[in-house]
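Let's take a walk through this fold together, one piece at a time. Have the structure open and turn it as you read.

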Amino acid sequence: MIKGSHLFTRVLDDTFWRWIVTVDIPNDTATKRREFINWMTESYGVEGTDWSIRWSNLGVDIRFHNEKDYFKFMFFDSN
């Protein structure tokens, strides 16, 4: 499990993605990014359908479509 520090959350309107969560996680190498993507796929399903990410200077922005996935991530996978 990869746990990150929650920085921001926004509710999105007029888009497929309903929430965006910014999390500070180690992402300074390709290996760390790959580990995070693999963990997200195991935990939340297919990228691009159930969730989507973009890397930023703050860590990673994770977009969720399903409220169950969003709340699971907020309660169990971030601090």
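One cut-off helps before we start: a residue counts as exposed when its relative accessible area is over 50%, as buried when that area is under 20%, and as partly exposed in between. Lys-68, at 59% relative accessibility, therefore falls in the exposed class. Keep in mind that you're looking at a predicted model.

Start with the sheet. It's an open one, built from 4 strands in the order β1-β2-β4-β3, and the pairing is antiparallel. On the edges sit β1 (5-11) and β3 (51-56), each of which pairs on one side only. If you look at how neighbouring strands of this sheet are set, they're turned by 20° against each other on average, direction ignored.

Now zoom in on β3 and β4. These two form a hairpin with 2 residues between them. Strand β4 covers residues 59-64, and 6 bridges join β3 to β4 in an antiparallel arrangement. You can follow the pairing residue by residue: Trp-55 has Val-60 of β4 as its bridge partner, Ile-53 is matched with Ile-62 in β4, and Ser-52 stands opposite Arg-63 in β4. On to the other neighbour of β4: β2 and β4 also run antiparallel, with 5 bridges joining them. Arg-63 of β4 turns up again here, since Ile-20 stands opposite Arg-63 too. How enclosed is β4 by the rest of the structure? Largely so, because 6 of the 6 residues of β4 are buried.

With the strands in place, bring in the helices. Which strands does each of them touch? Helix α1 (residues 30-44) packs on the sheet and touches β3 and β4, with its direction at about 160° to that of β3. Helix α2 (residues 67-76) packs on the sheet as well, touching β1, β2 (19-24) and β4, and its direction makes about 25° with that of β2. So β4 is touched by α1 and by α2, if we go by the cut-off that heavy atoms within 4.5 Å are in contact.

The helices also meet each other. The axes of α1 and α2 lie 11 Å apart, and the two helices pack at an angle of about 120°. That angle makes α1 and α2 oblique to each other, and their crossing is right-handed. Look for Trp-39, Met-40, Ser-43 and Tyr-44 on the α1 side of the contact, and for Asp-69, Lys-72 and Phe-73 on the α2 side.

Next, the charged pairs. Side chains of opposite charge can pair when their charged atoms come close. How many salt bridges are there? The count comes to 3. In one of them, Asp-61 pairs with Arg-54, and the closest N and O atoms are 2.8 Å apart. Asp-61 is buried, with a relative accessible area of 8%, whereas Arg-54 counts as partly exposed at 40%.

Another salt bridge joins Lys-32 to Asp-28, with 3.0 Å between the closest N and O atoms. Are these partners buried or exposed? Lys-32 is partly exposed, at 32% relative accessibility, and Asp-28 is exposed, with a relative accessible area of 60%.

The side chains of Asp-69 and Lys-68 make a salt bridge too, at 3.9 Å from N to O. That pair still counts because the cut-off is a side-chain nitrogen of Lys or Arg within 4 Å of a carboxyl oxygen of Asp or Glu. Here Asp-69 is buried, with a relative accessible area of 7%, while Lys-68 is the exposed residue from our opening example. You've met Asp-69 before, as one of the α2 residues that make the contact with α1.

Finish with a backbone detail. Which residue has a positive phi although it is not a glycine? That's Asp-14, with a phi of about 55°. You'll find Asp-14 in the loop between β1 and β2, and at 86% relative accessibility it counts as exposed.

Definitions and conventions. Residues numbered from 1 in each chain as written. Predicted model: local features only at pLDDT ≥ 70, side-chain atom pairs only at ≥ 80, totals over all residues. Heavy atoms only, no water. Pairing = 2+ DSSP bridges. Axes fitted to C-alpha atoms, helices over the stretch in contact; angles between N-to-C directions. Buried < 20%, exposed > 50% of the residue type's maximum accessible area, 1.4 Å probe, protein only. Parallel < 35°, antiparallel > 145°, perpendicular 65-115°, else oblique. Left-handed = near helix turned anticlockwise from the far one by under 90°.
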